[in-house]
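Here are a few exercises to work through with the model open beside you. Try each one yourself before you read the solution.

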Amino acid sequence: MPIDWINGLIGGGLIGLAAAIYLLVNGRIMGASGIVGGLVDGSGHHAWKERGALLLGLFFVPAIIALAQGGASTFATSNLAILIIAGLLVGLGTRIANGCTSGHGVCGISRLSLRGIVATVF
Amino acid sequence: MRSLVAFLVGGLFGAGLLISGMTDTRKVQGWLDIFGDWDPTLAFVMGGAIIPMAIAWQLTKGRTALIGGAFTALSDPQVDRRIVIGSVLFGAGWGLSGPCPGPAIASLSFGGLSGLVFATAMIGGMAMAPTANRYLDGSPQTA
């Protein structure tokens with residue numbers, strides 16, 4: 001089994017664990033699009049401290065790991081037009097659907113939307 | 001306390017995204033490239049994440065959150081117009097450049113200009129969403 005798959009499984013487990021803790025301890029659903037989006041459009045302002053704290057962790061921990069391992073590979077494209085269009089679509093789409101497909105997936109819904117994505121991309 | 005937990009959760013989330021390779025857009029594009037050089041890593045990430053979450057859902061039955069009081073009510077899981085349209089838009093953007101919102105934040109520190117431009121555009125898209133939602137169904141956003 002390629003190392004990528006094992007890393008995927010371990011990383012996925014951490015993501016699931018994080019979502020599980022957030023649900024069981026704070027009673028909330030962990031979804032990046034919901035947390036950021038709620039701050040952007042004001043629907044989540046009542047819990048801004050909690051949301052902000054989560055985002056800080058989400059930002060700083062990978063930053064520290066990336067620094068420790070001397071960088072991390074990320075964006076395959078640096079075409080600004082593509083990045084802007086893609087960013088707008090991702091931001092708008094996740095907030096219309098009330099979550100990204102990955103979030104829906106982790107929280108256990110939405111096979112249909114995954115199919116929608118595959119259909120769209122090809 | 002809530003914020004401390006949230007910070008730790010965010011950190012775990014971020015570490016998981018980085019370790020699993022979700023912050024690398026090539027992994028995502030490899031996953032979507034079904035007919036080419038298909039990379040199934042994403043399925044392992046999803047599988048790894050669903051297991052603890054499935055257990056957590058079981059544990060919520062008949063309890064309240066440890067410090068949070070009642071659990072957030074789940075939105076109606078019905079597949080409606082918004083889920084389909086939103087997912088199609090998201091899918092198109094995701095396929096174009098790679099990151100979903102979580103990894104976009106997690107990779108801000110090392111994503112350089114690309115990451116910054118993407119995150120800014122994403123926030124712009126999110127700001128437009130309430131208007132689009134009013135147009136789509138007239139009901140207020142739940143999140």
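Helices here are DSSP runs of H or I at least four residues long, strands are E runs of at least two, and both are numbered from the N terminus. Keep in mind that this is a predicted model.

**Exercise 1.** Work out how many helices and strands chain A has, and in what order its elements run.

Solution. Start with the count: chain A comes out with six helices and zero strands. Then walk along from the N terminus, and the elements read α-α-α-α-α-α. Next, burial: 48% of the 122 residues of chain A count as buried, where buried means under 20% relative accessible area. Finally, take the contacts in chain A with a separation of 6 or more; residues 24 or more positions apart account for 29% of them.

**Exercise 2.** Do the same for chain B: how many helices and strands are there, and what share of the residues is buried?

Solution. Chain B has six helices and zero strands, and its pattern along the sequence is α-α-α-α-α-α. Of its 143 residues, 50% count as buried. For contacts in chain B between residues at least 6 apart in sequence, 52% join residues at least 24 apart.

**Exercise 3.** Describe how H1(A) and H1(B) pack against each other: at what angle, and how far apart are the axes?

Solution. First get the stretches right: H1 covers residues 3-26 in chain A and residues 2-20 in chain B. Their axes lie 7 Å apart, at an angle of about 165°. Angles over 145 degrees count as roughly antiparallel, so H1(A) is roughly antiparallel to H1(B). As for handedness, H1(A) passes H1(B) in a left-handed crossing. Sort the contact residues by class and you get 16 nonpolar, seven polar and one charged.

**Exercise 4.** Now stay inside chain B and classify the packing of H2(B) with H3(B).

Solution. H2(B) spans residues 25-32 and H3(B) spans residues 41-60. The two axes come within 8 Å and cross at roughly 105°. The range for roughly perpendicular is 65 to 115 degrees, so H2(B) and H3(B) are roughly perpendicular to each other. Who meets whom? From H2(B) it's B:Lys27, B:Val28 and B:Trp31, and from H3(B) it's B:Thr41, B:Leu42 and B:Ala43. By class, that contact has four nonpolar, one polar and one charged residues.

**Exercise 5.** Place B:Leu89: which helix is it in, and which residues does it touch?

Solution. B:Leu89 sits in helix H4 of chain B, residues 81-97. Its relative accessible area is 23%. Partly exposed runs between 20% and 50%, so B:Leu89 is partly exposed. Leaving out residues up to four places away in sequence, B:Leu89 touches A:Leu89, A:Leu92, A:Gly93 and A:Ile96.

**Exercise 6.** Set the UniProt "transmembrane region" feature against the model: what is the helix content over the annotated stretches?

Solution. For chain A, the unreviewed UniProt entry lists residues 6-25, 52-69 and 75-94. Residues 6-25 of chain A are 100% helix, with end C-alpha atoms 28 Å apart. Residues 52-69 of chain A are 94% helix, and there the ends are 26 Å apart.

For chain B, the unreviewed UniProt entry gives residues 41-59, 79-96 and 108-129. Residues 41-59 of chain B are 100% helix, with 28 Å between the end C-alpha atoms. Residues 108-129 of chain B are 82% helix and 0% strand, with 22 Å between the end C-alpha atoms.

Notes:
Residues are numbered from 1 along each chain as its sequence is written. Chains are lettered from A and ligands numbered from 1 in the order in which they are written. This is a predicted model: local features need pLDDT of at least 70, side-chain atom pairs count only at pLDDT 80 or more; totals for chains, interfaces and linings use all residues. Side-chain values use heavy atoms; hydrogens and water are left out. Axes are lines fitted to C-alpha atoms, for helices over the stretch in contact, and angles run from 0 to 180 degrees between N-to-C directions. Angles under 35 degrees count as roughly parallel, over 145 as roughly antiparallel, 65 to 115 as roughly perpendicular and the rest as oblique. A crossing is left-handed if the near helix is turned anticlockwise from the far one by less than a right angle, and right-handed if clockwise. Ala, Val, Leu, Ile, Met, Phe, Trp, Tyr, Cys and Pro count as nonpolar, Asp, Glu, Lys and Arg as charged, and the others, Gly among them, as polar. UniProt positions are given in the numbering used here, feature names are shortened, and annotations may be inferred rather than shown by experiment. Buried means under 20% relative accessible area, exposed over 50%, partly exposed in between (1.4 Å probe, protein chains only). Contact means heavy atoms within 4.5 Å.
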